[in-house]
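User: I should like to learn how the features of a protein model are read, one at a time. May we go through them together?

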Amino acid sequence: MMLGALVAVALVFSACGPDDGGENNGGNNGGGGGNNQEYPSTADVIFNAVKDVDGNNYDAVKIGNQVWMASNLRTTRYADGTGIPSNLRTTRYADGTGIPFGDTMSYDTPYRYAPGLGKTNEANMVNVPAYGYLYNWAAVMRGASSSNANPSGVQGICPKGWHVPSDAEWTQLTDYMATRPEYMSSGNRDYLAKALAATWGWYSSSEPDAVGYKPSTTNNATGFSALPAGGYDENFKDFGYNTCFWSTDDYLVDFAWLQYLGCTEAYVDWTGRSKNKAFSVRCLRDE
């Protein structure tokens, strides 16, 4: 895909909604414990595969030769127990015990945000157990350099023994899925999004191969259980509509590559977003 087209994609938000047909499973401000997901028989699940420094447990799913967290990261600290780096601490966050909540955007200061329909982190905290936090690039990478290696070699915000995936590792995932008929919608090797998307949480769509079309019965063949946490871009946006997952690859200094799932889309899209915005993180187990 050409770079200009990818940058254009980064500026577009999904257009599905509760009146599009099918099932209306998303858009509320509620949450739950864990990832509230029942895994299909096709999923190779590893229960309680890892615990982060805050004590949150995560299931994992094996897809091909990779083992992915089956829910979004929701840690408030790095694996060594620290938060914002000492050289970036302010009076407000002088103790450095946690990655601070953001009420603004930043390229340099690590921030986390609670996803939802509310206008503040406090209003959206109910969603964190199920949807995880949104993190900006600085929080995700923890000062590491961009990497397109496989494996990425960037632990970043992930627990010990796990790492932030590179774009090459996301590509490995979708390339493998494209070899397995059970992960394709309508037999199309490019229609893989439904197999990664959770069975609930998504606004509906009338497009038969889209993530939002009858998700409770046709989604999540992999067990990856992707939820539409949206993102933060001066305001909380797109909760229930889409999700983006960071990779370790950047471009044009201030942008990085992500994987995108939208409720009207059948594809898993490769897209670029500004590093000062905040999106979800899925960690990949070290091999």
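Analyst: Let us begin with a single residue in a loop. Glu234 sits in the loop between β7 and β8 (236–237). Please keep in mind that the model is predicted.

User: What is the phi of Glu234, and is the residue buried or exposed?

Analyst: The phi of Glu234 is positive, about 70°, although the residue is not a glycine. Its relative accessible area is 57%, and the cut-off for exposed is over 50%, so Glu234 is exposed.

User: Which residue other than glycine has a phi near 70°, and where is Asn220 found?

Analyst: Asn220 has a positive phi near 70°, and it belongs to the loop between α7 and β7. With a relative accessible area of 1%, Asn220 is buried.

User: Where does Gly230 lie, and why does it count as buried?

Analyst: Gly230 is placed in the loop between α7 (215–218) and β7 (231–232). Gly230 counts as buried because its relative accessibility is 1%, and buried means under 20%. Beyond its neighbours within four places in sequence, Gly230 is in contact with Leu134, Lys237, Asp238, Phe239, Asn242, Thr243 and Phe279. Separation in sequence and separation in space are read side by side: Gly230 and Leu117 are 113 residues apart in sequence, and their C-alpha atoms are 9.5 Å apart.

User: Which peptide bond is cis?

Analyst: The bond from Asn150 to Pro151 is cis, with omega near 5°. Pro151 is part of the loop between α4 (137–141) and β6 (162–163).

User: How should a pair of aromatic rings be read?

Analyst: Two values describe such a pair, the distance of the ring centres and the angle of the planes. In this structure there are 20 aromatic pairs. For Phe224 and Phe245 the ring centres are 5.8 Å apart and the planes stand at 85°, so this pair is edge-to-face. Because Phe224 is in the loop between α7 and β7 and Phe245 in strand β9 (residues 242–251), the pair ties together parts that are 21 residues apart in sequence. Both rings belong to buried residues, with relative accessibility of 1% for Phe224 and 0% for Phe245. Phe224 and Phe245 also form one aromatic cluster with Trp68 and Trp170.

User: In the largest nonpolar core, which residues touch the most other members?

Analyst: They are Ile63, Trp68, Met177, Phe224 and Leu261, in a core of 43 residues. At least two residues of this core come from each of β2 (57–63), α3 (128–131), α5 (167–177) and α6 (193–196). Outside its neighbours within four places in sequence, Ile63 has contacts that include Trp68, Met177 and Phe224. A second, separate core has 29 residues, among them Val128, Tyr133, Tyr135 and Val281.

User: How is empty space found, and what lines the largest pocket?

Analyst: A probe the size of a water molecule, rolled over the atoms, shows where empty space is left. The largest pocket holds about 330 Å³ of space. Its lining has 15 residues, and those nearest the centre are Thr174, Asp175, Asp190, Gln259 and Val268. α5 gives the most to this lining, with five residues. By class, the lining has seven nonpolar, three polar and five charged residues.

User: What is the volume of the second largest pocket?

Analyst: That volume is about 210 Å³. The second largest pocket is lined by 14 residues, with Gly102, Lys119, Thr120, Asn121 and Phe236 closest to its centre. Four of the lining residues are nonpolar, five are polar and five are charged.

Notes
Residues are numbered from 1 along each chain as its sequence is written. This is a predicted model: local features need pLDDT of at least 70, side-chain atom pairs count only at pLDDT 80 or more; totals for chains, interfaces and linings use all residues. Side-chain values use heavy atoms; hydrogens and water are left out. A nonpolar core is a set of buried Ala, Val, Leu, Ile, Met, Phe, Trp, Tyr and Cys residues joined through side-chain atoms within 4.5 Å. Buried means under 20% relative accessible area, exposed over 50%, partly exposed in between (1.4 Å probe, protein chains only). Helices (H or I, at least four residues) and strands (E, at least two) are DSSP runs, numbered from the N terminus. Contact means heavy atoms within 4.5 Å. On a 1 Å grid over the protein atoms alone, a cavity is a set of points where a 1.4 Å probe fits but cannot get out, and a pocket is an open set with protein on both sides within 12 Å along at least five of seven lines; lining residues have an atom within 4 Å of a point. Grid points are joined across faces, edges and corners, and a volume is the space filled by probe spheres set on the points. Ala, Val, Leu, Ile, Met, Phe, Trp, Tyr, Cys and Pro count as nonpolar, Asp, Glu, Lys and Arg as charged, and the others, Gly among them, as polar. Rings of Phe, Tyr and Trp (its six-membered ring) pair if their centres lie within 6.5 Å; planes under 30 degrees apart count as stacked, over 60 as edge-to-face and the rest as tilted.
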